[in-house]
Amino acid sequence: AKYDWLLNGADQGYIQFYHNELEYNNVSVINYSGNSFGFMNEKTNGLDIQQAFTTSDTNKLVAGLSWRESDVTAKGDNTYDEGVDNTAIFVSDTWEFAPTWTLNAGIRYDDHSHAGDDTTMSAGLNKKLDDYSHIYFNWSEVFRAPTTDDLFYPSMGNADLVPETGETWTIGYATQISDKTDVNVSYFESNLKDAIRYNPDNYWICENIDEQDKRGMELSVNHEINDNVDLVASYLHA
């Protein structure tokens, strides 16, 4: 359920509520003790509120609040009846400080019932080269709480997980090579502490690893075939 509006006839805002139900039934789950039955049911309620504010001809703020609550029942080698919730507030700013330059900056606070609370920041710089191309640089801090699957999935979940933290950055170039074709190429790096993964050498049990460094390049192409169909292709090397 969603209701949206325009503040002062120009700035969009909205409030929405959602409810999701997911159910997993695994007849056979491979784990350290052999085969077993796994069952998981998750019910989630969420609320999102967001409002944009135009502060000048070259500056716009967006502020919002997000709340999400999940109740999980899981039965298998480990049985859980748990609740997890997260409340977040955020503010982002877009500033066109020069005719061809745009600066984006944001701050977000999360309060997670399992992972604790943290404040993260992000920033991005965009340089318009001409009417068809631009270069960009994005940086952000990372706080990723484990999902309910990570925590409670039968035989593979781990309720002792801690959140991922760290930072990531990307530099890229995007251009429109024809009226219907866009190309984007980027290079990225990330450094995470307590990265979350499913260990293939330990029956795919979810775990934290001390540190994870990633780097790579991505190429993507979007071609408009007609007004209703786009063809998208991408290649990632990491």
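# Briefing on a chain of strands and one helix

Aspartate 194 has its place in strand 10. The structure is a predicted model. Its chain has twelve strands and one helix, and this briefing goes from the whole chain to strand pairs and then to single residues.

**The chain as a whole**

- In sequence order, the pattern of elements is β-β-β-β-β-β-β-β-α-β-β-β-β.
- The C-alpha trace spans about 65 × 40 × 40 Å along the principal axes of the chain.
- The chain has 238 residues, and 29% of them are buried.
- About 14,500 Å² of the chain is exposed, and carbon and sulfur atoms supply 53% of that area.
- Consider the contacts between residues at least 6 apart in sequence: 49% of them join residues at least 24 apart.
- The chain carries 14 positive and 40 negative charges, and the mean positions of the two sets are 3 Å apart.

**Strands 4, 5 and 6**

- Strand 4 covers residues 59-75 and strand 5 covers residues 80-98; the two pair in the antiparallel sense over 16 bridges.
- One example from this pairing is lysine 60, whose bridge partner in strand 5 is threonine 94.
- Strand 5 also runs antiparallel to strand 6 (residues 101-112), and eleven bridges join them.
- Alanine 88 has aspartate 110 as its bridge partner in strand 6.
- Strand 5 and strand 6 form a hairpin, with two residues between them.

**Two residues with positive phi**

- Asparagine 8 is not a glycine, yet it has a positive phi of about 55°.
- Asparagine 8 is in the loop between strand 1 (2-7) and strand 2 (11-31).
- Asparagine 8 counts as exposed because its relative accessible area is 73%, above the 50% limit.
- Aspartate 194, also a residue other than glycine, has a positive phi near 60°.
- Aspartate 194 has a relative accessible area of 21%, so it counts as partly exposed; the range for that class begins where buried ends, at 20%.

**Asparagine 41 in strand 3**

- Asparagine 41 lies in strand 3, which covers residues 34-56.
- Asparagine 41 is classed as buried because its relative accessible area is 15%, and buried means under 20%.
- The side chain of asparagine 41 makes a polar contact, at 3.4 Å, with the side chain of glutamate 23.
- Leaving aside neighbours within four places in sequence, asparagine 41 is in contact with Leu22, Glu23, Asp71, Val72 and Thr73.

**Threonine 181 in strand 10**

- Threonine 181 lies in strand 10, which covers residues 181-199.
- With a relative accessible area of 11%, threonine 181 is buried.
- A polar contact of 3.2 Å joins the side chain of threonine 181 to the side chain of serine 178.
- When neighbours within four places in sequence are left aside, threonine 181 is in contact with Thr175, Gln176, Val221, Asn222 and His223.

**Aspartate 149 in the helix**

- Aspartate 149 has its place in helix 1.
- Aspartate 149 counts as partly exposed because its relative accessibility is 22%, which falls between the limits of 20% and 50%.
- The side chains of aspartate 149 and tyrosine 24 make a polar contact at 3.4 Å.
- Not counting residues up to four places away in sequence, aspartate 149 touches Tyr24, Met40, Gly157 and Tyr198.
- Aspartate 149 and alanine 159 are ten residues apart in sequence, and their C-alpha atoms are 9.9 Å apart in space.

**Methionine 156 in the loop after the helix**

- Methionine 156 is found in the loop between helix 1 (148-152) and strand 9 (164-178).
- Apart from neighbours within four places in sequence, methionine 156 is in contact with Tyr198, Tyr203, Trp204, Ile205 and Cys206.
- Methionine 156 and phenylalanine 53 are 103 residues apart along the chain, and 45 Å separates their C-alpha atoms.

Definitions and conventions
Residues are numbered from 1 along each chain as its sequence is written. This is a predicted model: local features need pLDDT of at least 70, side-chain atom pairs count only at pLDDT 80 or more; totals for chains, interfaces and linings use all residues. Side-chain values use heavy atoms; hydrogens and water are left out. Helices (H or I, at least four residues) and strands (E, at least two) are DSSP runs, numbered from the N terminus. Buried means under 20% relative accessible area, exposed over 50%, partly exposed in between (1.4 Å probe, protein chains only). A polar contact is a pair of N or O atoms within 3.5 Å; within protein, one must be able to donate a hydrogen and the other to accept it, and residues adjacent in sequence count only if both atoms are side-chain atoms. Contact means heavy atoms within 4.5 Å. Accessible areas come from the Shrake-Rupley method with a 1.4 Å probe; for residues, only the protein chains shown count as cover. Lys and Arg count as positive and Asp and Glu as negative; His and the chain ends are not counted. The place of a charge is taken as NZ of Lys, CZ of Arg, CG of Asp or CD of Glu. Two strands pair if DSSP finds at least two bridges between them.
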